[in-house]
Amino acid sequence: MINDEPDARGLASIALQTFRDSVLPAVPAERRFEALMIANALGIAERELAAKPDAALEARIPQLCSDIDAGAYDAPERQADLRKVLWELTRARLAISNPRLLDPAKLGAA
Amino acid sequence: MTAEPRLLDETRLPRLEAWIADKAAAERVTVVDEGPLSGGAISLNLAVTLEIEGGAFAGRHEAVLRTGSASGVSASLGKAQEGMVLRAAFAAGALAPEPLFISDAAGGDDALLGAPFYIMRRARGVAAGRKVVKADQPQQELAREMGRQLGLIHSIKPGTAGLDFLSMPEPSPGLQCERDYRDWMGRFAGTDPVLAYGLRWLRLNAPPAGEVVLCHRDYRTGNYMVDQGRLTAIIDWEFAGWSDPMEDLAWFCAASWRFGQAGREAGGLSDRSDFYAGYEETAGRRVDQEAVAYWETAAYLRWAAVAIQQGMRHTSGTEPSIELALTGRMLPEIEQDLLRHLDSLAGRTLFGRTA
């Protein structure tokens, strides 16, 4: 594939920056909610394009779900171990969708 | 942007006026369309003023016409059914807007506006969560009043006339909900391990079948109206159904609906104790904290299932909307609240079992 520059992440990034700096201040009050949603969506897209998914981990997820359904993690100590993994997965997704909400008490715990 | 077609166009408006005149045994009815109100993502709410001459409803009534297709979210009632729930709640003395006229599918009324609808009295005030929770001091009296109102709603029991379309949970509210949420989540229940774990937890820890009452099922800040610090109306009844009364208490107190007032656990208003005390004043039952803890887990799974369905309304192409799309991407924050809650319960005993 021929490399076109800037890539999708670069485009989302400059689109968001321009939108925030030049367009958002000129948006009338009755359209502001939509404008903020546009900025939010562009931000998520930019972060998702920048993320490096862990393919090996993702490949194991359907099996993990079936194991949970089958009761493999029902014992309390197994649940505690599982919750650590679930925190890790959730934090990685939250870092894309809404990083401001990352629980500071859990920083470094994963 | 293309403008939405007007609901009450030149053919529908006179038909609606004639329909109301018939229902109200009035000589003449004029409906003044005052435009759409901001509302839920599912319904269309139109501000209308009814000018009624003659009959029992004679006078001028500020009202809301509520309609909308039953698209998208599985749990939502049709609008006429919602009107019947509102009627029962109003009759029980709860601060629900009084329903004035409800469409009757059997009478062919759905053809009038293209979907079931009802007309209720309009309440004053604001519902927007951020505005409602904005207060320097905890809103203890409002939290207590929200508890009292919930107690009144929960006085409505299976067998109440007009509510026979609501199904009974089987074999218990907890297990019914676990099945429903799994169903609403579709493929996500098999690809998201946090959801898989939450659903498993609901099944393992379900309370034994007990008393079942009418639950509002979306009883939270954002779904009631407040005017100068006082409650004026409880709105958005489209998810109502028979369930464990503790389900509504947990939903109200879930972390999802505090709008930045995280320390005021009762809906961003005040402490849980104020809300619970109000509830016990009118409900004739105690708050069961173990059951509330169970139902708070259920609350995050229910909200996750609804967010998935909202997102799918966009992703499937049936209703392209940036708001629905972004709701679909709220799952990680809902799941973080779920994990925090489950961590807080670890080692506690619920219904004789270690959670």
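Colleague: Is B:R217 buried or exposed in this predicted model?
Modeller: In this predicted model, B:R217 belongs to the loop between β6 (213–215) and β7 (224–227) of chain B. Buried means under 20% relative accessible area. The relative accessible area of B:R217 is 14%, so the residue counts as buried.

Colleague: What is the phi of B:R217, a residue other than glycine?
Modeller: Most residues other than glycine have a negative phi, and most peptide bonds are trans. B:R217 departs from that pattern with a positive value, and its phi is near 70 degrees.

Colleague: B:Q228 also has a positive phi although it is not a glycine; is B:Q228 buried or exposed?
Modeller: B:Q228 is found in the loop between β7 and β8 (230–234) of chain B, and its phi is about 50 degrees. The term exposed applies over 50% relative accessible area. With a relative accessible area of 78%, B:Q228 is therefore exposed.

Colleague: Which residue follows B:E170 across a cis peptide bond, and where does that residue lie?
Modeller: The bond in question has an omega near -10 degrees and leads from B:E170 to B:P171. B:P171 lies in the loop between two helices of chain B, namely α5 (140–153) and α6 (173–185).

Colleague: In chain A, what is the omega of the cis peptide bond that joins A:E5 and A:P6?
Modeller: A:P6 is placed in the segment before α1 (8–23) of chain A. The cis bond that joins A:E5 to A:P6 has an omega of about -5 degrees.

Colleague: In what order do the five strands of the open sheet in chain B follow one another?
Modeller: The edge strands, each of which pairs on one side only, are β1 (28–37) and β4 (99–102) of chain B. Neighbouring strands are turned by 25 degrees against each other on average, direction ignored. The pairing is antiparallel, and the order is β1-β2-β3-β5-β4.

Colleague: How many bridges join β2(B) to β3(B)?
Modeller: One example of the register is B:N45, whose bridge partner in β3(B) is B:R66. The hairpin of these strands has five residues between them, and B:G54 takes a positive phi near 85 degrees there. The two strands run antiparallel, and the number of bridges that join them is nine.

Colleague: Which residue in β2(B) stands opposite B:V31?
Modeller: β1(B) pairs with strand β2 (residues 44–53) of chain B in the antiparallel sense, over eight bridges. Within β2(B), the residue opposite B:V31 is B:L50.

Colleague: Which residue of β5(B) is the bridge partner of B:A63?
Modeller: β3(B) and β5(B) run antiparallel and are joined by five bridges. In β5(B), the partner of B:A63 is B:R121.

Colleague: At about what angle to β4(B) does helix α2 of chain B run?
Modeller: Helix α1 (residues 12–24) of chain B lies across β1, β2, β3 (59–67), β4 and β5 (117–121) of chain B, at about 125 degrees to β1(B). Helix α2 (residues 79–91) of chain B lies across β3, β4 and β5, and its angle to β4(B) is about 150 degrees.

Colleague: Which helix gives the largest share of the largest nonpolar core?
Modeller: This core has 92 residues, and those with the most contacts inside it are B:Y181, B:M185 and B:F275. Among the residues that B:Y181 touches are B:W295, B:A298, B:L301 and B:A305. A second, separate core of 22 residues includes B:I20, B:I52, B:L65 and B:I119. The largest share of the 92-residue core is 15 residues, and the helix is α11 (residues 289–315) of chain B.

Colleague: Why is the pair of B:Y294 and B:W295 described as edge-to-face?
Modeller: The structure holds 11 aromatic pairs over all chains. The ring centres of B:Y294 and B:W295 are 5.3 Å apart, and planes over 60 degrees apart count as edge-to-face. Both residues are buried. The pair is edge-to-face because the planes of B:Y294 and B:W295 stand at 90 degrees.

Colleague: What is the mean pLDDT of chain B?
Modeller: For the model, ipTM is 0.93 and pTM is 0.93. In chain B, 96% of the residues reach 70 or more, and the mean pLDDT is 93.

Notes:
Residues numbered from 1 in each chain as written. Chains lettered and ligands numbered in written order. Predicted model: local features only at pLDDT ≥ 70, side-chain atom pairs only at ≥ 80, totals over all residues. Heavy atoms only, no water. Core = buried A, V, L, I, M, F, W, Y, C linked by side-chain atoms within 4.5 Å. Buried < 20%, exposed > 50% of the residue type's maximum accessible area, 1.4 Å probe, protein only. Helix = DSSP H or I, 4+ residues; strand = E, 2+ residues; numbered from the N terminus. Contact = heavy atoms within 4.5 Å. Pairing = 2+ DSSP bridges. Axes fitted to C-alpha atoms, helices over the stretch in contact; angles between N-to-C directions. pLDDT = per-residue confidence, 0-100. Phe/Tyr/Trp six-rings, centres within 6.5 Å; stacked < 30°, edge-to-face > 60°. Lists of a residue's contacts leave out its neighbours within four places in sequence.
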